[in-house]
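Walk through this model strand by strand. Begin with the sheets, then see what packs on them.

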Amino acid sequence: MRDDPAPRDIDGNPVRVGLPMAMLAELTHRCPLACPYCSNPVELTRASAELKAAEWAEVFRQAAGLGVLQVHLSGGEPASRRDLAEIAASARDAGLYVNLITSGIGLTEARLRELDGVVDHIQLSLQGIDAEMADWISGYGGSFARKMQVAQWSRAIGFPMTLNAVVHRQNLDRLPEMIDLAEELGCRRIEVATVQFHGWADLNRRPLMPTQAQATRAREVVDEARRRLQGRMVIDYVPADHLAAFPKSCMGGWGSTGLNVAPDGTVLPCHAAQTIKGLAFENVREVPLARIWHDGAAFNAFRGTGWMPEPCASCERREIDFGGCRCQAMALAGDARATDPVCSRSGLHARLRAAAEAEAASDSTVLVYRRMTREKRG
Amino acid sequence: MSADRISGAAVPYLPRGVRLHDDRVRGIRVLLAPERVIQLDPVGHAILSELDGKRSLAEVIETLCTRYDAPPEQIEGDVQEFLRDLMDRRMVFLDGEAGGPA
């Protein structure tokens with residue numbers, strides 16, 4: 001109800017609205033890679049529906065006016081857009097801190113030089129520690145060699161870099177080498193993120209689910225490396241969430257600090273929010289960003305704590321982790337209000353954990369790669 | 001956090017990819033860094049504003065003492081603690097490190 005002055009959650013409870021800090025701008029869903037854990041929705045947006053560069057420039061101006069400080073240019077592969085440099089420059093001109101999240105594929109030395117002085121920081125994805133692993137996981141022959149070349153060019157130009165290693169059962173044993181590689185490439189940070197089993201990754205639970213032993217070992221590796229590399233390289237680690245006692249605070253709380261703009265201009269509280277049935281999402285082509293953020297029913301739906309059922313409603317952690325991930329609750333419990341089943345206090349937790357253990361014990365190496373359905377002709 | 005003191009002769013600076021920003025929407029000063037936004041109090045902002053990649057830590061502390069009419073021991077303690085933390089987070093570099101001043 002747009003005319004109602006007080007924003008309300010999905011159950012009609014009044015909510016307080018803050019200001020967003022960060023925006024994920026998915027410039028395109030096109031990507032040369034086919035990673036089986038891609039965070040894009042299973043139904044991908046076609047190139048013809050993508051926002052134009054001038055539309056992105058307007059989105060960035062609105063975002064900065066709304067309070068956004070950092071924009072993450074992502075995809076798909078943002079370099080798949082020929083007008084990436086123009087788009088990035090418009091984000092910087094709007095006053096935003098510009099982070100480029102890329103696989104490196106499609107970037108040349110000349111294209112990187114165009115981004116010099118525009119992009120503040122580059123986040124380079126890593127699928128594996130060598131060509132054999134990385135090219136298999138990404139489904140793209142030669143990707144590893146090209147990525148390493150992009151890393152060298154970026155370093156020579158002087159871009160600060162974070163290596164973003166996505167880990168799972170097939171590559172987690174090689175974590176020490178990933179950390180060494182980040183150091184060799186001169187990275188200031190490495191993010192080690194265990195696959196989130198949503199969307200495409202949900203189709204690949206059996207080949208990708210890490211074992212408990214791997215997760216335990218990874219924690220030890222990270223702790224040791226943090227001590228050894230203190231003051232030289234920062235290590236951010238996102239463990240497998242079903243192995244933790246409590247869920248992660250997804251997005252720092254729904255609609256609290258971040259928003260996501262999909263390639264066609266649809267504005268989402270998180271990249272997977274469209275999996276929650278019954279929520280309607282607005283588009284920046286039609287509605288101003290500030291209005292979507294402040295008044296949009298989808299953004300207000302799970303703000304605050306009023307919508308929570310038990311055990312979340314009376315939990316002392318309700319404003320620490322906000323009951324975990326709404327999309328995961330939807331996927332696993334069939335109800336977006338439910339306690340995220342990765343929480344040890346969820347009635348579904350034991351079943352989830354048993355399923356994950358069974359998946360981790362699988363010897364499957366058959367990957368379902370991300371792919372775009374063909375556009376209809378005529 | 002490392003216990004090492006930063007040498008007074010060292011030249012601290014904000015490396016490329018780390019910058020001060022005046023957040024007019026919220027009316028605060030922030031430090032922008034990869035995947036991080038840090039809200040600065042007036043002391044933190046005053047310290048970082050002095051890092052020009054040319055003057056040594058000792059010179060920076062001297063400038064702050066004069067400007068805020070505060071005893072060097074107190075300023076030195078604040079600055080050491082604040083910069084050490086940011087160095088551990090790779091948001092402040094010392095001269096001679098790769099990365100170059102922004």
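Which strands of chain A does helix α5 lie across? Helix α5 (residues 143–157) of chain A lies across β4 (121–126) and β5 of chain A. Its direction runs at about 160 degrees to β4(A). Axes here are lines fitted to C-alpha atoms, for helices over the stretch in contact, and angles run from 0 to 180 degrees between N-to-C directions. Contact means that C-beta atoms, placed from the backbone, lie within 7 Å. Helices (H or I, at least four residues) and strands (E, at least two) are DSSP runs, numbered from the N terminus.

This is a predicted model: local features need pLDDT of at least 70, side-chain atom pairs count only at pLDDT 80 or more, and totals for chains, interfaces and linings use all residues. Residues are numbered from 1 along each chain as its sequence is written, while chains are lettered from A and ligands numbered from 1 in the order in which they are written.

Now the chain A sheet. It is open, has nine strands and mixed pairing, and follows the order β7-β6-β5-β4-β3-β2-β1-β8-β9. β7 (234–238) and β9 (267–268) of chain A each have a single partner strand, so one side of each lacks a neighbour in the sheet. Strands pair if DSSP finds at least two bridges between them. β5 (residues 161–167) and β6 (residues 189–194) of chain A run parallel, with six bridges. In β6(A), A:T194 is the bridge partner of A:V167.

Turn to chain B. Its open sheet has three strands, ordered β2-β3-β4, with antiparallel pairing. β2 (19–23) and β4 (36–40) of chain B are the edge strands. Five bridges link β3 (residues 28–33) of chain B to β4(B). B:R29 stands opposite B:L40 in β4(B). Helix α1 (residues 42–49) of chain B packs on this sheet and touches β2, β3 and β4 of chain B.

Methods: Two residues are in contact if their C-beta atoms, placed from the backbone, lie within 7 Å.
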